[in-house]
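Biologist: Got a minute to go through this one with me? Can you put it up first?

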Amino acid sequence: MSSLDISIKENNYQLYGLVALRVLIGWHFLYEGIAKLINPYWSSAAYLLDSKWIFSGLAKSIVANPTFLTISDYVNMWGLTIVGISLLLGIFSKYGSLFGMALVLSYYLFAPPLLGLEYGKPNEGSYLIVNKNLIEACALWVLYAFPTSPIIGLDRFISNQKNN
Amino acid sequence: MSDKKNRTNLERRDLLRGLATVPVAGVFLVNLWRKMSREKVKKANLLSDLIKNKTAPAAVKSISNSRHLNIGIIGYGGRGSHLIRGAGFATKGWTETASENARKNKLNKQFETFMSQEDLNCSLVGVCDVFDINAELGINASQNDMRPGSKPKVTATRFQHYKDLLANDDIDAVIIATPDHWHSRISIDAAKAGKHVYCEKGMTRTFDEAIDVYDAVKKTGITFQLGHQNRQVEANEKAREIVQQGLLGPINLVEITTNRNSPWGAWVWGIHPKGNEKTIDWETFQEPSPNKIPFGDEALKRFFRWRCWYDYGTGLSGDLFSHDFDAMNQIMDLGIPKYASSTGGVYFYKDGRDVPDVWNATFEYPDKDLTLLYSASLSSNNARGNRIMGHDATMQMGGQSGGGSIHGFAVTADSESTQYKDRLKSGIINPDYPIFTYSPGSKEIDGVTSATSRYFANKGLLYTYRAGKRVDPTHLHIKDWLDSIRDGSMPKCNIDVAFHEAVACAMATESYFTGRRIEWDPVNRKLI
């Protein structure tokens with residue numbers, strides 16, 4: 001799907017709803033990224049060490065290898081920041097939502113709230129199989145499928161240039 | 001005209017819609033800036049005038065003087081073999097198992113940590129053990145090429161009796177890891193023979209022995225190190241800085257604890273299948289003990305589980321209390337208490353032992369306005385950690401004790417604190433969360449106040465860190481001893497602080513035996 005249906009384009013309630021969702025997720029990503037960038041103590045190691053389920057072995061291998069861990073830290077810090085800017089300003093938002101979806105989906109898969117899995121780190125809510133990461137991944141899928149940035153966002157200038 | 005107007009309208013519409021979310025980014029940046037400056041102010045208020053030195057302890061220093069040293073080990077059992085690994089020698093069996101474990105589990109860093117130890121420029125040249133199997137393992141360790149640094153220059157010779165080992169002129173220094181009832185005799189003889197001594201804790205089995213060892217070390221001037229590797233743990237060094245700076249306020253109560261709940265933790269160790277009258281020199285083993293028994297099943301039990309009897313050690317006192325006492329002495333310069341009393345009993349392990357498995361002791365320091373409280377159970381794993389309670393703040397160290405606390409710590413302000421009164425009132429300090437936390441491996445003391453920081457500070461880790469590099473504190477403690485021998489400086493657990501430990505332990509043990517409070521007479525060096 002490359003552009004929005006004409007009905008959504010012309011229905012401001014639907015369009016603004018999607019843009020609001022994009023901007024809010026962008027804001028969330030951007031601050032998650034910046035908070036990690038400015039915190040000298042932050043490392044993905046703690047999250048990875050607490051990993052359960054099928055990717056726990058991979059998570060432990062990443063922590064055990066300083067190079068992999070550094071890569072993981074950078075991918076997270078900069079990945080979240082760049083996806084955040086992309087969604088907030090509406091620039092390359094299709095790729096941003098796709099990459100963002102991959103990031104939060106990996107957070108979900110490394111530590112899913114499945115039955116029988118217990119985590120050391122205290123949770124801020126109550127979850128059964130579905131958690132906020134999964135919902136955010138799903139919301140990013142919606143944003144990928146309904147790209148609003150060519151209408152509201154910097155992508156509008158890029159798509160205009162292409163059309164010209 | 002109308003076309004032009006339409007185009008301008010379209011362009012305006014394009015511009016508006018294209019930049020519609022940019023103001024949101026502006027709002028984001030304004031709020032980010034506000035949040036960051038708010039936190040900066042908060043952190044500055046917390047830390048700027050509080051902690052003087054926020055950096056982690058210095059990285060391990062390289063050997064200042066390269067004189068090669070020949071060492072001998074007397075008592076190559078479980079602890080002895082760990083100490084010798086700290087010096088850079090492991091048995092072939094150990095290196096093979098450890099590398100296999102590392103291959104199976106990438107998080108198992110035991111092998112990597114051993115192999116990345118600094119080469120301490122020493123040789124293991126003498127091994128003495130009354131159990132043949134252990135002595136052979138010691139020789140094996142001296143022959144193993146798999147070690148940090150170059151291949152071993154020489155391999156070890158076995159000595160049947162420790163006196164033969166001490167008589168060897170090639171040996172510069174000895175590590176004593178025998179049961180406690182042998183510590184004083186070997187330490188004194190070694191000092192007289194001019195050998196430097198690394199002695200495992202507890203320093204001695206009795207009070208009189210402690211006096212004799214102290215005098216012998218002082219008289220001969222050898223370099224003596226007691227085996228409290230907690231002295232090398234960076235969290236303890238940082239804790240000391242905070243306490244010495246008075247950030248906890250007046251401290252009147254310190255609580256140290258031990259919790260274990262397994263037969264292994266209660267010293268019910270395996271009896272080696274090859275242990276028998278031919279492989280064990282039982283008469284030499286029991287020579288200094290007050291009560292003697294003939295070789296047999298009971299003797300075998302006592303040989304491999306010697307920590308369970310007062311004939312050979314002092315139970316919880318010298319084995320586990322001594323570590324936590326020394327850590328507190330390291331942090332607070334406690335010294336020898338004025339009074340000690342203790343109670344306890346054999347309440348869980350009714351296996352013939354005579355050392356208590358539940359034991360509590362109190363130590364009074366009237367000149368410091370302080371009580372030190374120790375409480376131990378070998379039948380509950382409810383790890384309580386150690387707590388230094390001050391009028392202004394409490395420092396909670398780890399959640400596990402024994403073996404030297406290699407954990408982080410968290411300092412939490414007291415809601416009735418005088419020192420932090422204004423900060424508490426203005427909300428800069430929240431008494432529900434720590435004001436400082438220190439986790440092993442972190443670059444510096446973190447002045448945050450959150451639930452997550454508390455969670456990580458309490459997580460136990462097996463290793464200490466130096467400049468972010470994982471190191472076994474036992475290796476650092478051996479290195480500290482060898483470096484001190486070379487440059488004539490005092491090692492970290494030198495005879496002066498070792499003597500504090502030995503006397504404090506002896507006072508509490510004496511109180512358990514007599515059922516009365518024991519007083520230390522520093523003038524006549526006597527227990528009253």
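Modeller: Sure, we can talk through a helix pair and then a strand with its neighbours. Bear in mind that this is a predicted model.

Biologist: How do the axes of helix 2 and helix 5 of chain A cross?

Modeller: Helix 2 (residues 12-37) and helix 5 (residues 66-89) of chain A have axes that come within 7 Å and cross at roughly 150 degrees. Angles over 145 degrees count as roughly antiparallel, so that is what helix 2 of chain A is relative to helix 5 of chain A.

Biologist: Is that crossing left-handed or right-handed?

Modeller: Left-handed.

Biologist: And which residues in the two helices meet?

Modeller: From helix 2 of chain A, they include Trp27(A), Phe29(A) and Leu30(A), and from helix 5 of chain A, Trp78(A), Leu80(A) and Val83(A) are among them. By class, the contact has 14 nonpolar, five polar and three charged residues.

Biologist: Okay, switching to chain B. Is strand 12 mostly covered or not?

Modeller: Mostly covered: strand 12 (residues 393-397) of chain B has five of its five residues buried. Ala393(B), Met395(B) and Met397(B) point one way, while Thr394(B) and Gln396(B) point the other way.

Biologist: What does strand 12 of chain B pair with?

Modeller: Strand 11 (residues 386-390) of chain B pairs with strand 12 in the antiparallel sense over four bridges, and a hairpin through two residues joins them. Strand 13 (residues 409-413) of chain B also runs antiparallel to strand 12, with five bridges.

Biologist: So what stands opposite Gln396(B)?

Modeller: Arg387(B) stands opposite Gln396(B), and so does Ala410(B) in strand 13 of chain B.

How values were computed. Residues are numbered from 1 along each chain as its sequence is written. Chains are lettered from A and ligands numbered from 1 in the order in which they are written. This is a predicted model: local features need pLDDT of at least 70, side-chain atom pairs count only at pLDDT 80 or more; totals for chains, interfaces and linings use all residues. Axes are lines fitted to C-alpha atoms, for helices over the stretch in contact, and angles run from 0 to 180 degrees between N-to-C directions. Angles under 35 degrees count as roughly parallel, over 145 as roughly antiparallel, 65 to 115 as roughly perpendicular and the rest as oblique. A crossing is left-handed if the near helix is turned anticlockwise from the far one by less than a right angle, and right-handed if clockwise. Two residues are in contact if their C-beta atoms, placed from the backbone, lie within 7 Å. Ala, Val, Leu, Ile, Met, Phe, Trp, Tyr, Cys and Pro count as nonpolar, Asp, Glu, Lys and Arg as charged, and the others, Gly among them, as polar. A residue is buried if 20 or more other C-beta atoms lie within 10 Å of its own, exposed if 12 or fewer, and partly exposed in between; C-beta atoms are placed from the backbone. Two strands pair if DSSP finds at least two bridges between them.
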